[in-house]
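Trainee: I want to learn how the terms used for a structure are justified. Can we take them one at a time?

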Amino acid sequence: MNRRGQRYLGIRALIAILALAIAAVVGVIKLAGASADSHELAVIVSVLRSDAAATAVLSDALARGQTGTTFARAQAAQQRRALDTSLRQLISMRVGAPLERGRVQAMEAAGRLDVLLALLERDTLRSSDGDGIAARSREVLSTMLAIERSLPQS
Amino acid sequence: MKVAATNQALALLLRIFVSMGAFVEVGALTFSIGAGARFGYSLVWVIVIGTVGIAVYCEISGRIAAVRNEPLFALIRQRDGFRSGLLTLVAVTSANALTCAAQIGAVAMLWQLLSGWPYRLLVLLALIFFILAVWFTPKEWIERVFGLLGLMMIVFVTVAVSLHPRWSQVAATALPNLPPFKTRRDGLLYGYYAIALLGSILLPYKTYFRASAAIEHKRKVSHIVPDRVTWIVGFGLGSLLPVSLLLIGADFFAPRQIEPQLPGGAALATASLFGIAGMLIAVGGMFFAFAGAAIEMALSGAYNVAQFLGWRWGKLGTPRSAARFAVSWIALLCAAALIVLTGLDPARIVECSVILSVVILPFTYFPLVVIGADRRIMGDRASGKLIKALGWLYFMLITLAALAVIPLFILTRVGKG
């Protein structure tokens, strides 16, 4: 095979590899989308629980004088931002519809995590154990919000 | 004679400490703590494997620089041609920009913890700080100041030890192991963390930066052995930092059901044990380590671009003496800061930067392994059997990791479970 032929063979191979890669990615995304409802809810609860516990440790450290107020407030705000992102990501992965994403973004603009969770409960908690998980989420969230509100204002 | 020997020994010691202090960047910190919080000690072996891998690749790149005294990307272009070399360049530069963005975001977050100022303002201030620091500070001082002060992160080793880890279990997990998983998803998540942790230790900027630095500092064939000692000892000691962070994740965060995603979480553990002084040392250490990494990434990207395109390059002279090189590192820093300013979540930037780096690892390390073993290029100093075998073994490992990471990224919902 001459050099030109070899080059075209290379291009065909490259196209084939790209097509296979795209097919694999699409397949994997579909597979991920077809997973069970309850799992995402459990993940959300775990994310919330982690943040609530981190906020509690922060609050405790502040009370013992182990951190300054600036550090505590900035860390709490950073945690909140990360939590918002995680929840939005999980919700859009779970719901997927453009309308829902729009509503989630509206809630984000309003800066209301509690409203975001209410939206989550109403629209996505439809599995058999959804109610129980929703109650636990609500409980964790309210604990977290209470701790954060107890932090002194700068 | 004795004085010269003492000076050489001190210089070697300094290089070892600098390598140690520069071992951890924000990706390694995040994934080490996260791995510990989720899977206990069981991923220590990944840090061990990653450390040996980065030492092997730095040895190869340093040897190529010492023997050929030619820039790595010039050799890549000569050997592989413009198009193939360009693919490697684009891959490495994209990863550099994203990982640099992660460091800038992390530095701004650390400053926010101390000042309470708005995050975006701090990102802009960090950008200005980096440009001024690289512009005005001589290169060897950049490495020394940030590398040595990054050693303040040793406070994490103290925290890990004071948490009384179960040492026999830690030692047992230094070898590859698979803990029992409750669900299939736990297994996928374990794989995701293992690959991400490996990728964060094998970030390619380390090898390219050190190869270019070796040429700038006129390292010769006689320096190959001391450099080898620097990589092995410096990285070996440096790996104690991610191991300690993993232990903190397992012994401090896991019992409290916390999965920290941010640098402030690591500082919180230090504060809880050693109070405000501990917290300040931790924040200071992280700042110097991340800032040093950001500067190395920007310079590494500029070295690669300038070397590939045949521009004058180097940080030893004034910025004017290598103007296009200077424009390249400034552009890379600005691009990185812009990525952060788009409003992307810093924790996501860190994760995505490591994942992208894993995807491009084979592209970046393949030329190194091939050139290092090529007797036509390296002569008698071509890789020996052991380095050659390790180079290819790690190449296979990173190729497998690169193939698996995107499916795992999706299946685990960006490591959420």
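Mentor: Start with angles between helices. Angles under 35 degrees count as roughly parallel, over 145 as roughly antiparallel, 65 to 115 as roughly perpendicular and the rest as oblique. Axes are lines fitted to C-alpha atoms, for helices over the stretch in contact, and angles run from 0 to 180 degrees between N-to-C directions. Helices (H or I, at least four residues) and strands (E, at least two) are DSSP runs, numbered from the N terminus.

Mentor: Some ground rules too. This is a predicted model, where local features need pLDDT of at least 70, side-chain atom pairs count only at pLDDT 80 or more, and totals for chains, interfaces and linings use all residues. Residues are numbered from 1 along each chain as its sequence is written, while chains are lettered from A and ligands numbered from 1 in the order in which they are written.

Trainee: Why are α3(B) and α12(B) called roughly antiparallel?

Mentor: Helix α3 (residues 44-68) and helix α12 (residues 224-238) of chain B cross at roughly 160°. The cut-off is over 145. Therefore α3(B) and α12(B) are roughly antiparallel. Their axes come within 9 Å. The crossing is right-handed (the near helix is turned clockwise from the far one by less than a right angle; anticlockwise would be left-handed).

Trainee: Which residues make the contact between α3(B) and α12(B)?

Mentor: Among them are Thr51(B), Ile54(B) and Cys58(B) of α3(B), and Ile224(B), Trp231(B) and Phe235(B) of α12(B). Contact has a cut-off: C-beta atoms, placed from the backbone, within 7 Å.

Trainee: What makes α14(B) oblique to α15(B)?

Mentor: Helix α14 and helix α15 (residues 323-341) of chain B pack at about 135°, with axes 8 Å apart. That angle falls in none of the three named ranges, so α14(B) is oblique to α15(B). This crossing is also right-handed. Residues meeting there include Ala298(B) and Val305(B) in α14(B), with Phe325(B) and Trp329(B) in α15(B).

Trainee: How do you know that Leu72(B) counts as buried?

Mentor: Count C-beta neighbours. Buried needs 20 or more others within 10 Å, exposed means 12 or fewer, and partly exposed is in between; C-beta atoms are placed from the backbone. Leu72(B) has 26 inside 10 Å, so Leu72(B) is buried. Leu72(B) sits in helix α4 (residues 72-80) of chain B. Leaving out residues up to four places away in sequence, Leu72(B) touches Ser61(B), Ile64(B), Tyr208(B), Ala211(B) and Gln307(B).

Trainee: What makes a set of residues a nonpolar core?

Mentor: The members are buried Ala, Val, Leu, Ile, Met, Phe, Trp, Tyr and Cys residues, joined through C-beta atoms within 7 Å. The largest one has 165 residues, and Val107(B) and Ala298(B) are among those touching the most other members. Helix α14 (residues 263-309) of chain B gives the largest share of this core, 26 residues.

Trainee: How many helices and strands does chain B have? And why is chain B called as compact as a globular protein of that length?

Mentor: Chain B has 18 helices and 0 strands. Its radius of gyration is 20 Å, close to the 22 Å that the globule rule gives for 417 residues, so chain B is as compact as a globular protein of that length. The radius is taken over C-alpha atoms, and the rule is 2.2 Å times the number of residues to the power 0.38. Of its residues, 56% count as buried.

Trainee: And what share of chain A is buried?

Mentor: Buried residues make up 30% of its 154. Chain A has 6 helices and 0 strands.

Definitions and conventions
Two residues are in contact if their C-beta atoms, placed from the backbone, lie within 7 Å.
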